[in-house]
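Me: Got a minute to go through a model with me? I'd like to pick out a few residues and see what surrounds them.

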Amino acid sequence: MVLIFVLLLTVDPRIVFDHNPNDVANREFKFKNLPSPSKDDAASRAKLTLIDGELEEGSAELAALTDGRLPRDEDEPGANVFFRSGSSGGRFRMDFGAPIEIAQVNTYSWHPSSRGPQLYKLYAADGSDPKFNPDPKRGVDPASCGWKFIALVSTLPESGAMGGQYAASVNDLGKQRYLLFDVYVTELYDNWGNTFYSEIDVISK
């Protein structure tokens, strides 16, 4: 599954990635090709809802993804959002209250090992479809109930260590009210493949 995701991703020009390896990563979250997380963006005023899956007991609440506060070190569970160990991830929704023109969705993560890389599908909706279901559980294709598939995001390295800080940017989403993040584990060798997501920024036009 992970390999298929990586292969499919390489053809999407709207997605940009950046990575700070463990020996470079620090609390500033500065990247070469992408901006550092913002403290004031559209996501900071959005409502987050868990649709499917369970957060780990030591995870921060979903609100930590949009509060502009970042982890101080590489392994700080309470400053990141991550799904229950041993699970296959989950889904959560972001609601802006009304449609906005979205220029970028930027996601940030940090961990010294396999919880560092990101792997998720991104969907969006303006809510106008008569079939719109705001809470599609795992097993329901969001594209069948009013959601538009936007991108498959994978920052998994082709080889070498997986640790460090990762940033991913998806561009030009159009006018949308909702975002749906369908989050997957980065590896299946053990129970520790659920990513430490540190922040999500949504930049409006």
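Me: Let's start with N171. Which strand is it found in?
Reply: N171 sits in strand β6. Keep in mind that this is a predicted model.

Me: Is N171 buried or exposed?
Reply: N171 is buried, because its relative accessible area is 16% and the cut-off for buried is under 20%.

Me: What is N171 in contact with, leaving aside neighbours within four places in sequence?
Reply: R14, V16, A103 and Q104.

Me: Which backbone oxygen does the N171 side chain reach?
Reply: The one of R14, at 2.7 Å. There is also a side-chain partner: N171 and Q104 share a polar contact of 3.2 Å.

Me: And V105? How far apart are the C-alpha atoms of N171 and V105?
Reply: They are separated by 6.6 Å. Along the chain, the two residues are 66 apart.

Me: V105 makes me think of the core. Which residues touch the most other members in the largest nonpolar core?
Reply: F92, M94, V105, L122, L179, F181 and V202. That core has 31 residues.

Me: Which elements give two or more residues to this core?
Reply: β3 (90-111), β4, β5, β6 (164-183) and β7 (197-204). The largest share comes from β6, with six residues.

Me: What about a second core? How many residues does it have?
Reply: Eight, and it is separate from the big one. Among its members are Y123, A125, C145 and L180.

Me: Back to V202. What is it in contact with, beyond four places in sequence?
Reply: A long list. V202 contacts D41, A42, A43, M94, F96, I100, I102, Q104, V105 and L179.

Me: D41 is in there. Where is D41 found?
Reply: In the loop between β1 (15-20) and β2 (47-52). Leaving aside neighbours within four places in sequence, D41 is in contact with V202 and also with I200, D201 and I203.

Me: Which side chain of opposite charge is nearest to D41?
Reply: R45, at 6.8 Å. D41 is buried, yet it has no salt bridge.

Me: Switching to strands. In what sense do β4 and β5 pair?
Reply: Antiparallel, over six bridges. Strand β4 covers residues 119-125. K121 stands opposite L152 of β5.

Me: How many residues of β5 are buried?
Reply: Five of its seven. Strand β5 runs over residues 148-154 and is mostly covered.

Me: Last one, P134. Where does it lie?
Reply: P134 is in the loop between β4 and β5. It is partly exposed, with a relative accessible area of 28%.

Me: What does P134 touch, not counting residues up to four places away?
Reply: I51, R93 and W147. The C-alpha atoms of P134 and R93 are separated by 7.9 Å, with the residues 41 apart along the chain.

How values were computed:
Residues numbered from 1 in each chain as written. Predicted model: local features only at pLDDT ≥ 70, side-chain atom pairs only at ≥ 80, totals over all residues. Heavy atoms only, no water. Buried < 20%, exposed > 50% of the residue type's maximum accessible area, 1.4 Å probe, protein only. Helix = DSSP H or I, 4+ residues; strand = E, 2+ residues; numbered from the N terminus. Pairing = 2+ DSSP bridges. Lys, Arg positive; Asp, Glu negative; His and termini not counted. Salt bridge = Lys/Arg side-chain N within 4 Å of Asp/Glu carboxyl O. Contact = heavy atoms within 4.5 Å. Core = buried A, V, L, I, M, F, W, Y, C linked by side-chain atoms within 4.5 Å. Polar contact = N/O pair within 3.5 Å; in protein donor to acceptor, adjacent residues only side chain to side chain.
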